Amino acid sequence: YLSNYPREFYDQYAQSQEKSVVNKMQQKYWKTKQTLIKVTGKKEDEHVVASDADLDAKLELFHSIQRTCMELLKAIELYQKRICFLSQEENELGKFLRSQGSQDKTRAGKMMQATGKALCFSSQQRLALRAPLSRLYQEVETFRYRAISDTWLTVNRMEQYRTEYRGALLWMKDVSQELDPDLYKQMEKFRKVQAQVRHAKLNFDKLKTDVCQKVDLLGASRCNLLSHVLATYQTTLLHFWEKTSHTMAAIHESFKGYQPYEFTMLK
């Protein structure tokens with residue numbers, strides 16, 4: 001293909017290809033250096049860091065949402081187990097009081113039987129809380145798998161472009177320190193690095209905007225999800241307390257005026 005062109009065109013083509021490879025290697029070097037700075041926690045340029053303050057605030061919010069969703073799932077799972085355990089123990093205590101009360105013909109026996117029935121009733125009603133909790137778990141888990149995962153992918157892409165951009169800034173800073181305006185080759189090299197910085201910044205700014213918008217939407221979506229699903233749990237919980245408190249109040253009323261036994265310690 002190149003045999004039809006003069007020798008100097010071929011030489012220029014070969015030089016441009018060589019420069020392209022060298023440029024990619026230098027770009028990769030500075031990107032790797034920036035990655036090492038981030039991993040090792042070395043101090044970066046305070047002005048560059050300050051320019052990303054709004055983005056870092058959004059990332060902090062995102063990581064908080066990510067962390068608290070996991071904690072909420074663990075808490076719901078533990079809550080479900082404890083509801084089952086409490087219901088079982090409450091039922092066992094109710095059955096015990098009923099059996100003992102049936103053998104006691106005094107008024108105390110009647111109280112034990114009535115209280116035992118109330119506890120058995122309460123243990124059955126308590127299990128109704130599991131349905132809204134299960135739905136809450138499913139909604140939060142779906143939210144984590146879809147919305148949070150999607151945002152996390154965008155955050156990862158943005159971090160790659162941020163590393164590339166800051167690496168390009170390091171490269172430009174290094175070139176500018178040795179820059180001699182009178183030397184054409186050095187100026188040409190500086191302009192190329194400057195163009196690389198502009199290109200990296202355009203990519204980074206686009207992903208930066210995407211991340212900020214997605215995190216805002218993520219926070220609003222979570223508020224909407226929790227307010228909607230927790231309303232069902234709250235209603236179920238209120239019904240549970242209304243039923244059980246009504247039963248307990250009826251027992252208390254029926255045995256009002258009962259004089260308990262009085263014990264005197266003899267020394």
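Are Tyr-165 and Phe-204 buried or exposed? Tyr-165 is buried, and Phe-204 is buried as well. By buried I mean under 20% relative accessible area, with exposed being over 50% and partly exposed in between, using a 1.4 Å probe and protein chains only.

Before we go on, a word on what we are looking at. This is a predicted model, in which local features need pLDDT of at least 70 and side-chain atom pairs count only at pLDDT 80 or more, while totals for chains, interfaces and linings use all residues. Residues are numbered from 1 along each chain as its sequence is written, and side-chain values use heavy atoms, with hydrogens and water left out.

Let's start with the overall picture. The protein has six helices and zero strands, which reads along the sequence as α-α-α-α-α-α. Helices here are DSSP runs of H or I with at least four residues, strands are runs of E with at least two, and both are numbered from the N terminus. Of the 267 residues, 27% count as buried. The exposed surface comes to about 18800 Å², with carbon and sulfur atoms supplying 57% of it; those areas come from the Shrake-Rupley method with a 1.4 Å probe, and for residues only the protein chains shown count as cover. Now to contacts, meaning heavy atoms within 4.5 Å. Among contacts with a separation of 6 or more, 83% are between residues 24 or more positions apart.

On to the core. A nonpolar core is a set of buried Ala, Val, Leu, Ile, Met, Phe, Trp, Tyr and Cys residues joined through side-chain atoms within 4.5 Å. The largest one has 31 residues, and those with the most contacts inside it are Leu-55, Phe-143, Ile-148, Met-158 and Val-211. H3, H5 and H6 are the elements that give two or more residues to this core, and H6 gives the most, with 12 residues. As background, nonpolar side chains in soluble globular proteins tend to be buried together.

Which residues does Met-158 contact, leaving aside its neighbours within four places in sequence? They are Leu-55, Leu-59, Phe-204, Leu-207, Lys-208 and Val-211. Take Leu-59 from that list: this residue is found in helix H3, and it counts as buried because its relative accessibility is 6%. With the same neighbours set aside, Leu-59 is in contact with Val-155, Met-158, Glu-159, Arg-162 and Val-211. Leu-59 and Val-211 are 152 residues apart in sequence, yet their C-alpha atoms are 8.2 Å apart in space.

Further along H3 we find Ile-76, which is buried at a relative accessible area of 4%. Not counting residues up to four places away in sequence, Ile-76 touches Leu-133, Leu-136 and Tyr-137. Its C-alpha is 9.7 Å from that of Arg-130, 54 residues away along the chain.

Helix H3 also holds Glu-90, and this charged residue is buried, with a relative accessible area of 11%. What does Glu-90 contact, leaving aside its neighbours within four places in sequence? The answer is Leu-119, Ser-122, Ser-123 and Arg-126. Those four also appear among the buried residues of H4, a list including Gly-109, Gly-116 and Cys-120. Helix H4 covers residues 107-126, so to speak 20 residues, and reaches 29 Å from its first C-alpha to its last, close to the 28 Å expected at 1.5 Å a residue. The expected span is 1.5 Å times one less than the number of residues.

Just past that, Ala-128 lies in the loop between H4 and H5. Ala-128 is partly exposed, with a relative accessible area of 39%. From Ala-128 to Phe-240 is 112 residues in sequence and 7.9 Å in space, C-alpha to C-alpha.

Last topic: the rings. Rings of Phe, Tyr and Trp (its six-membered ring) pair if their centres lie within 6.5 Å, and planes under 30 degrees apart count as stacked, over 60 as edge-to-face and the rest as tilted. By this rule the count is three aromatic pairs. One of them joins Tyr-79 and Tyr-233 edge-to-face, at 6.3 Å centre to centre and 80 degrees between the planes. This pair links distant parts of the chain, with Tyr-79 in helix H3 (residues 53-103) and Tyr-233 in helix H6 (residues 184-254), 154 residues apart. Tyr-79 is partly exposed at 31% relative accessible area, whereas Tyr-233 is buried at 16%.

Why does the pair of Tyr-165 and Phe-204 count as stacked? Because the ring centres are 5.6 Å apart and the planes are at 15 degrees. Tyr-165 lies in helix H5 (residues 130-177) and Phe-204 in helix H6, so the pair ties together parts that are 39 residues apart in sequence.

One more ring to point out: the charged end of Arg-144 sits over the ring of Tyr-145, 4.9 Å from its centre. That description applies if NZ of Lys or CZ of Arg is within 6 Å of the ring centre and within 35 degrees of the ring normal.
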